[in-house]
Each structure stands twice: as C-alpha cells, then as structure tokens.
Amino acid sequence: MDFDDQLRRYFGTDDLSGVPQSALIAGIDRMRVDLGMEQDSGRRFAMWALLYMLGGAPDLDVAFEDEADRDAARTFMDMTDQEDEES
C-alpha cells in the first residue's frame, strides 16, 4: 500500500490540505481500527507511519509486538523529527 493509496482510502483524496477536520478525524479513527486488524507487517508499518505523521499513532508497544518493528518505528520517528527541526 503506497502513501497516495492510503490517503485516498481513508480520506477520499491524495491532497490532505482540503480535507475538513471532521473528515480527518474520522479517517484517523478508521486507520487505527484497520491497524489493529492488519496482519501484514509492511502494511501495518505503513499505516502506523501515516498515523504518526498525522498525530494519531498508537504507542509503539501497542502497535508492534516485534521489537525489530518497534526499533524501525523509533528510527522513523527520529528521522521525521529531525526533518521537522531542519525545516
């Protein structure tokens, strides 16, 4: 599942700038439900990463059973936060 596919699936567009706040909240809620049911680790990570960027990601110990996945998520968080600081 690529980034644009996720945006279209959960928010009905690939441009979040025009999404009303209520639709953004509803999309995040749907993503969190789907994250809880997703079995594929790659898809699960992609959904968690988008949720993180949108401020709606669950804690790592809730989102990932596997320590390697939690480490990858921490690395993603660090890289994202570093990019935000440089902007």
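**Group meeting: a five-helix chain**

Let me begin with burial: of the 87 residues in the chain, 32% are buried, where buried means under 20% relative accessible area, exposed means over 50%, and partly exposed lies in between, with a 1.4 Å probe and protein chains only. Please keep in mind that this is a predicted model, in which local features need pLDDT of at least 70 and side-chain atom pairs count only at pLDDT 80 or more, while totals for chains, interfaces and linings use all residues. Residues are numbered from 1 along each chain as its sequence is written, and side-chain values use heavy atoms, with hydrogens and water left out.

Now the overall fold. The chain has five helices and zero strands, these being DSSP runs numbered from the N terminus, with H or I of at least four residues for a helix and E of at least two for a strand. The chain is as compact as a globular protein of its length, because its radius of gyration is 13 Å, close to the 12 Å that the globule rule gives for 87 residues; the radius is taken over C-alpha atoms, and the rule is 2.2 Å times the number of residues to the power 0.38. Along the principal axes, the C-alpha atoms fill a box of roughly 35 × 35 × 20 Å. If we take contact as heavy atoms within 4.5 Å, then among the contacts in the chain with a separation of 6 or more, 41% are between residues 24 or more positions apart.

What holds the most contacts inside the largest nonpolar core? That core has 18 residues, and those with the most contacts inside it are Phe11, Met31, Leu35, Trp48 and Phe64; by nonpolar core I mean a set of buried Ala, Val, Leu, Ile, Met, Phe, Trp, Tyr and Cys residues joined through side-chain atoms within 4.5 Å. Two or more residues each are given to this core by helix 1 (3-11), helix 2 (21-37), helix 3 (41-53), helix 4 (60-63) and helix 5 (67-86), and the largest share, five residues, comes from helix 3. Phe64, leaving aside its neighbours within four places in sequence, is in contact with Arg44, Phe45, Trp48, Asp69, Arg70 and Ala73.

Arg44 also brings us to Asp34, since these two residues are 10 apart in sequence and 8.7 Å apart in space, C-alpha to C-alpha. Asp34 lies in helix 2 and, not counting residues up to four places away in sequence, touches Arg9, Tyr10 and Met47.

Finally, helix 1 and what follows. Arg8 lies in helix 1 and is partly exposed, with a relative accessible area of 39%; residues up to four places away aside, Arg8 touches Thr13 and Asp14. Is Gly12, in the loop between helix 1 and helix 2, buried or exposed? At 63% relative accessibility, Gly12 counts as exposed, and its C-alpha atom is separated by 9.2 Å from that of Ala23, 11 residues apart along the chain.
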